[in-house]
Amino acid sequence: MSKKVERSDEAEQSPEQRAPEEILAAPEPIEFPTELVEEILSDLEGTADIAAPGNTVPFPQPVAPLPDEPEQPAPEPPQDAADEPPTEEAAPDETDEAAAEDEGGEAEAASAEDEEASPDEQGEELPPISETALTVKDDLSPNLDGLSFVERARVRAKIRRREQTRQRRENARRGISGDEAVYQPMTTADIRFTLIRLAIAAVFLVLGMVLPIAGVSLAMYVVAYLITVLPVAARVVRGFTHGKYFNEYLLIFIASLGAFLLGRRPEASIVLILHSVGKLISDMVLHSTHGALREQTDFVPERASIVNMQGEEKHVQPVEINVGDFIMVRSGERIPIDGVILRGEGTVDDTVLTGDSEPKAVEKGAKVLAGSLYTGTLMLIRATAKFEDCAVSQILRMREESAGRRASLENSVIHGASRYMPIIIVLAVLLSLLPPLFRIGDTATWIYRALTVLVICCPTALLLSVPMSFVGGNGRLAQKGIQVKGNDAIEKLAELRMVVFGKTGTLTEGKLHVKEIQATPDFNAESCLALAATAEQLSDHPVARAIVAAYQGIPQKISEFEEFPGRGVRARIGNHNLLVGNRKLMISRGVKGVPDLAGTVVYVSYEGDYAGAIVLQDTVRSEASEAVSGLKSLGVLRTVILTGDTELPAQQAADTIGIDTVHAGLLPEEKASKLEFLLRTIPTDGTAAYVGDGVNDASELGQADIGVEMGAAGSPESAGAANVLIMTNDLTRLTDAVRISRRTHGVALQNMVLLLGVKVVLLLLTMFGVTMMWQAVAADVLLTVLTVLNASRTLSIK
């Protein structure tokens, strides 16, 4: 497919000369009025302390608007954006939903919050309320001074219900059903309430054990049992109402109830208490882990300060920023949009984006990314992209699409646990019935052993530790500036055996520069470069950008433009036809006398005659050799380059880096077919990855088992096709991704093997009557804590 652009030209040019001088002539460039911006900033610095969100700040000396820069209308926020805050119409609905479950006092609090969010004194309508404003934080410790014990318990119960409502809304928004919802750790209020409940149950249990009176002792045991069993029974009932009949709570409920009916009343309560203690300890570890992960997601500012040419400041949401808007950023704020600094200097910390721990110094002319934390003088930037095209939006979309993408090891544990529990219950029933039929022991003994088997087979530890391993690994990758689309991508990276690289922009710097110009006698080097720059000025290809950048003047206007992907372009200046591209394009168009030069070469034809050739050169990335060597040490068996470049520079780069195979001179459609051929014919016992820079390789990224996009310069289409996004161009991050993924998968496998092995041993001991029920529960609690702690180690993988 080729694209063609028609343009009108005011004056025709004479075809008498082969290199007309007007090709080298250029109109005067229009410079951006930096003095105007400096004048704005001089006023802004004087009023920086009094500016507040939602207010319009007039300045002493308003500046006249630019005549050639009309104000652009604010774009409508995308309807399906993952990071879109709820609208003002949706916010009251959520508040009403939360208030419906709470007491009347909460409704008054909600109305008070609505009054605080009213428009300002000037009548300006505020942007929609952010979703985070409606989120109940984990630190649920309100001021309870002066309240009685009952009133405090009531307030904490309200907070717990509100948090549970928020979590259900969050799961519903992400399309997660009750069966598939990822395990969520208890809130602080839940933990406090559970500890109080268990302490009360323990007191009654001890009283029942120390009081010898039969009636009193039984009453104490019943109260202790009811306090501990009722929450478990409620979980069982909730599972039945949602169609989830077999879960860990059903096994614990049956075992404890059976022990209580068999007369082992203290043990029944001890089993429930130990089970709850194990959940509490695990939740504390999970709580700290999720807290560390939440710090990596809180990097998008809710407001941005736009400054217009009249010297007025207006606060808007980042999605309302247009390309070209002036954005003011104060020290300590996060940058709301990708842009270029017009004035100001300081440092930016983009750890949450790129994983680089060292802040970078920035000054006028530097590019900055949305989400970076700025420290320095008052800064003014000009937006270079809309929010949905920023690198931070790609991260948010990647994380949103990660929901529900489990690794096969996770699916084996989750689905396997739900499938084998009915079998365990049937086997326990048979164990309690068959031995007494053959007169092997008494019935009560075998019923007790069968109930102990149910406790041993409780899958709590498996359902926590294995998914938790992938959660921690995902968080560690994010700390390194590596975003993955689901836990299945981590598992595929762990099994990586073949890596296919794009060359330009991936293995090389992507900063092509003109090395040599070989012109024919009828053309000189300057006119040859001017012709090439004129023809390539509308192309986005890296080669075209390098040629335009090398030309010192400004290319002439063209009346026609046609691009041939992977080959070159055709353009027209007045009545003159230009053809710029590779040798295949020249030969296909009948251009005579085109030499076969080595390297990255762009040939120029003027009016069908060969005019010259431009030789370009790129630089291999300094870390590329180390990265490829690291991949091979991690088990990668084959490395390949797919490039449209000629054979000689591609092979030179491969020899320098240590790549095994090179396929050069490929058109874009040929790259996809060659990658498909490699995936079908090269035998590996694992997965294959394609690594590109996100420019014109979306099909390859989606075709491979693992599509890895390097850097933040790719298109949204390529980011959507990739399932691994590395925010920097540092190839060693790819080695880090594979190493962290392999360690993560190894930890998850360790937990699964350890748990299954210990449970098999406990089952054998129970069959011979060695293990008691409370010992089995204690062992399960210990295993749960150990495996969850082991899973949390993935957050600190080097």
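This is a short walk through the structure, one selection at a time.

Before you click anything, know that the model is predicted, that local features need pLDDT of at least 70, that side-chain atom pairs count only at pLDDT 80 or more, and that totals for chains, interfaces and linings use all residues. Residues are numbered from 1 along each chain as its sequence is written, and side-chain values use heavy atoms, with hydrogens and water left out.

**Stop 1: the seven-stranded sheet**

Start with residues 496-502, which are strand S12, and add 638-642, which are strand S19. Helices (H or I, at least four residues) and strands (E, at least two) are DSSP runs, numbered from the N terminus. S12 and S19 run parallel and are joined by 5 bridges; two strands pair if DSSP finds at least two bridges between them. For a spot to zoom in on, valine 500 stands opposite valine 640.

Now widen the view. This pair belongs to an open sheet of 7 strands, ordered S11-S23-S22-S21-S12-S19-S20, with mixed pairing. At its edges are S11 (482-484) and S20 (661-663), each pairing on one side only. Neighbouring strands here are turned by 20 degrees against each other on average, direction ignored (axes are lines fitted to C-alpha atoms, for helices over the stretch in contact, and angles run from 0 to 180 degrees between N-to-C directions).

**Stop 2: the largest core**

Which residues touch the most other members of the largest nonpolar core? Select Val466, Val484, Phe501, Ile659, Val708 and Val724, out of 47 residues in that core. Helix H24 (residues 732-767) gives the most to this core, with 7 residues. A nonpolar core is a set of buried Ala, Val, Leu, Ile, Met, Phe, Trp, Tyr and Cys residues joined through side-chain atoms within 4.5 Å. Buried means under 20% relative accessible area, exposed over 50%, partly exposed in between (1.4 Å probe, protein chains only).

Center on isoleucine 659. Leaving out residues up to four places away in sequence, isoleucine 659 touches Phe501, Leu507, Val628, Thr639, Val640, Ile641 and Ala654 (contact means heavy atoms within 4.5 Å). Apart from this core lies another, of 34 residues, including Ala268, Ala450, Cys458 and Val777.

**Stop 3: along helix H24**

Color residues 732-767 for H24. The helix has 36 residues and reaches 53 Å from its first C-alpha to its last, close to the 52 Å expected at 1.5 Å a residue (the expected span is 1.5 Å times one less than the number of residues). Just after H24, glycine 769 takes a positive phi of about 75 degrees.

Pick asparagine 751, which is in H24. Is asparagine 751 buried or exposed? It counts as buried because its relative accessible area is 1%. Its contacts, leaving aside neighbours within four places in sequence, are Ser465, Ser469, Thr787, Asn790 and Ala791.

**Stop 4: a covered strand and its hairpin**

Jump to strand S17, residues 600-606, where 7 of 7 residues are buried. Thr600, Val602, Val604 and Tyr606 sit on one side, with Val601, Tyr603 and Ser605 on the other. In a regular strand the side chains alternate between the two faces of the sheet.

Add S16 (residues 576-581), which pairs with S17 in the antiparallel sense over 4 bridges; valine 580 stands opposite valine 604. Then add S18 (residues 609-617), also antiparallel to S17, over 7 bridges. Here valine 601 has valine 615 as its bridge partner. S17 and S18 form a hairpin with 2 residues between them, and glutamate 607 in the turn has a positive phi of about 55 degrees.

**Stop 5: helix H7 and tyrosine 221**

Select residues 248-261 for H7, a helix of 14 residues that reaches 20 Å from its first C-alpha to its last. H7 is mostly covered, with 10 of its 14 residues buried; Leu250, Ile252 and Phe260 are among them. Just after H7, glycine 263 takes a positive phi of about 95 degrees.

Finish on tyrosine 221, in helix H6 (residues 214-241). Tyrosine 221 counts as buried because its relative accessibility is 11%. Not counting residues up to four places away in sequence, tyrosine 221 touches Leu205, Gly208, Met209, Phe260, Arg265, Pro266 and Ser269. Tyrosine 221 and serine 269 are 48 residues apart in sequence but 7.8 Å apart in space, C-alpha to C-alpha.
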